[in-house]
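Visitor: Please take one part of this model and go over it closely. Then follow its contacts outward, step by step.

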Amino acid sequence: MSESVERIWINVNLATFDRSEAAPYGARLNQAVFVRGDLIVDIKAMEQLDNLPASAEVIDGRGGWMTPGMIDAHTHLVFAGNRAREFELRLEGASYQQIAQEGGGILSTVKATRAATVDELVELAVPRLEALMREGVTSVEIKSGYGLNPEAELNMLRAARELGRRYPVRVSTSLLAAHAIPPEYKDDSDAYIDLVCSEIIPAAAEEGLADAVDVFCETIAFSANQCERVFKAAKEHGLGIRAHVEQLSNQHGAALAARYDAWSVDHIEWLDEEGVEAMAKAGTVATLLPGAFYFLRETKLPPIELLRKHKVPMAVATDLNPGSSPLASLRLALNMACTFFRMTPEEVLAGVTRHGAMALGQGEELGQIRPGMKADLLLWDIESPAELAYQFGVNPIRQRIVGGEVANV
């Protein structure tokens, strides 16, 4: 073993989520993990260990389980204001239309977010981010989408990048300017898409603020033709593709996004087999959002069996947002995906590790425990990986490791 190895975790059971491992969870029992810099460089069974490098820090896992760091691949974590009053009004019988007419809905979040500075957006987001990190999140995707004009959209992305600089967490950003029609363009959504494609996307790309572009393809948002214009502009600027699709109706947005090699399509309750087949062909991930399903009291389930049939990777995420999923707990989202969607614990844990990484276009670096991958790891006091989807509210994390460094919150 090279003397340059810096840290070695010994006496750990691994849920590797490595596809080459045949056991459930990619399990390897009683192992040692060797880390140099921010990379995993070797894994050995404990009985195969010889002399350990004297210069390495050795950490005894004492029989705990180690998993890849958890990845929350769909959040709207940066925003201002809250919509708790709307929650009350809906429970008292008010309709979405009534709330919107009174200045509520997404435009109330837009108004508050536009009024906030970058520093204010960062400070408002900190408690949400810390809550996710405490439960084991080492990578988080953060969208814009509550600015709906060039300055506010870019400020949201600037705040997201600042969070990644301040905290030991990997932040991936998505420009979701095509989230809703802003009030200034309520009678001309095509003109707003012109603005998104000609001004907002180029500015975000030039400043290095966005890793991907996202859209909301739906009857209450943007048409497939409008979304395709956004995809083309994103491709021209070297940005990845993501999409909110098939949440409320089937607009065939998943198949469209797959034609543009989308990293992921999200929500997908109304997805049909044609869309699933297109995703399978393109290698596009299905990102499932049980928090929104729960909070909105939906009844239409995503097509889990079709996704299994066509071997489409399934990610699971919180969809943390103020209007339809104010959920800052990825562990609870795991349990919801099992309970509501009938996914297995192994499927949902793959969904926040290997498949979550794929949904961010980072499947070659994150989400598995194997040599060559980033050393984003979690050490848990659990008896089996299934416990992570079975129980929530109790936090069994012993160590949270980002880039080879212990980084507990």
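Guide: What follows starts with one helix and works outward through its surroundings.

This is a predicted model, in which local features need pLDDT of at least 70, side-chain atom pairs count only at pLDDT 80 or more, and totals for chains, interfaces and linings use all residues. Residues are numbered from 1 along each chain as its sequence is written, and side-chain values use heavy atoms, with hydrogens and water left out.

Start with H4. Helices (H or I, at least four residues) and strands (E, at least two) are DSSP runs, numbered from the N terminus. H4 covers residues 118–134, 17 residues in total. From first C-alpha to last, H4 reaches 24 Å, close to the 24 Å expected at 1.5 Å a residue. That expected span is 1.5 Å times one less than the number of residues.

H4 has a kink. A bend of about 35° lies at Val126, shortly before the proline Pro127. The bend at a residue is the angle between axes fitted to the seven residues ending there and the seven starting there.

Now the burial. Buried means under 20% relative accessible area, exposed over 50%, and partly exposed in between (1.4 Å probe, protein chains only). In H4 the buried residues are Leu121, Val122, Ala125, Val126, Arg128, Leu129, Ala131, Leu132 and Met133. An α-helix has 3.6 residues a turn, so residues three or four places apart point the same way.

What do they pack against? Contact means heavy atoms within 4.5 Å. The buried residues of H4 meet three strands and three helices: S6 (70–72), S7 (137–143), S15 (397–402), H3 (106–115), H5 (150–166) and H12 (330–341). After H4 comes Gly136, with a positive phi near 115°.

Take H12, one of those partners. Its end C-alpha atoms are 15 Å apart, which agrees with the 16 Å that 12 residues should span at 1.5 Å a residue. H12 is largely enclosed by the rest of the structure, because 10 of its 12 residues are buried. These are Leu330, Arg331, Leu332, Ala333, Leu334, Asn335, Met336, Ala337, Cys338 and Phe341. Just after H12, Arg342 takes a positive phi of about 60°.

H3 is another partner of H4. Thr109 sits in H3. Thr109 is buried, with a relative accessible area of 2%. Leaving out residues up to four places away in sequence, Thr109 touches Phe79, Ala80, Arg83, Tyr146 and Pro322.

S6 also packs against H4. Asn82 lies in the loop between S6 and H1 (84–91). Asn82 counts as exposed, at 60% relative accessibility. Asn82 and Glu130 are 48 residues apart in sequence, and 18 Å apart in space, C-alpha to C-alpha.

S7 and H5 complete this tour of H4's neighbours. Leu148 lies in the loop between S7 and H5. Leu148 is not a glycine, yet its phi is positive, about 60°. Leu148 counts as buried, at 1% relative accessibility.

Leu148 leads on to Ile181. With neighbours within four places in sequence set aside, Ile181 is in contact with Leu107, Leu148, Lys186, Ser189, Ala221 and Phe222. Ile181 lies in the loop between S8 (170–178) and H6. Ile181 counts as partly exposed, at 26% relative accessibility. Ile181 and Phe222 are 41 residues apart in sequence, but 8.0 Å apart in space, C-alpha to C-alpha.

That brings us to H6. The axes of H6 (residues 189–206) and H7 (residues 224–236) come within 10 Å and cross at roughly 10°. That makes H6 roughly parallel to H7. Axes here are lines fitted to C-alpha atoms, for helices over the stretch in contact, with angles running from 0 to 180 degrees between N-to-C directions. Angles under 35 degrees count as roughly parallel, over 145 as roughly antiparallel, 65 to 115 as roughly perpendicular and the rest as oblique.

On the H6 side, the contact uses Ser189, Asp190, Ile193, Asp194, Val196, Cys197 and Ile201; on the H7 side, Gln226, Arg229, Val230, Ala233 and Ala234. By class, this contact has 7 nonpolar, 2 polar and 3 charged residues. Ala, Val, Leu, Ile, Met, Phe, Trp, Tyr, Cys and Pro count as nonpolar, Asp, Glu, Lys and Arg as charged, and the others, Gly among them, as polar.
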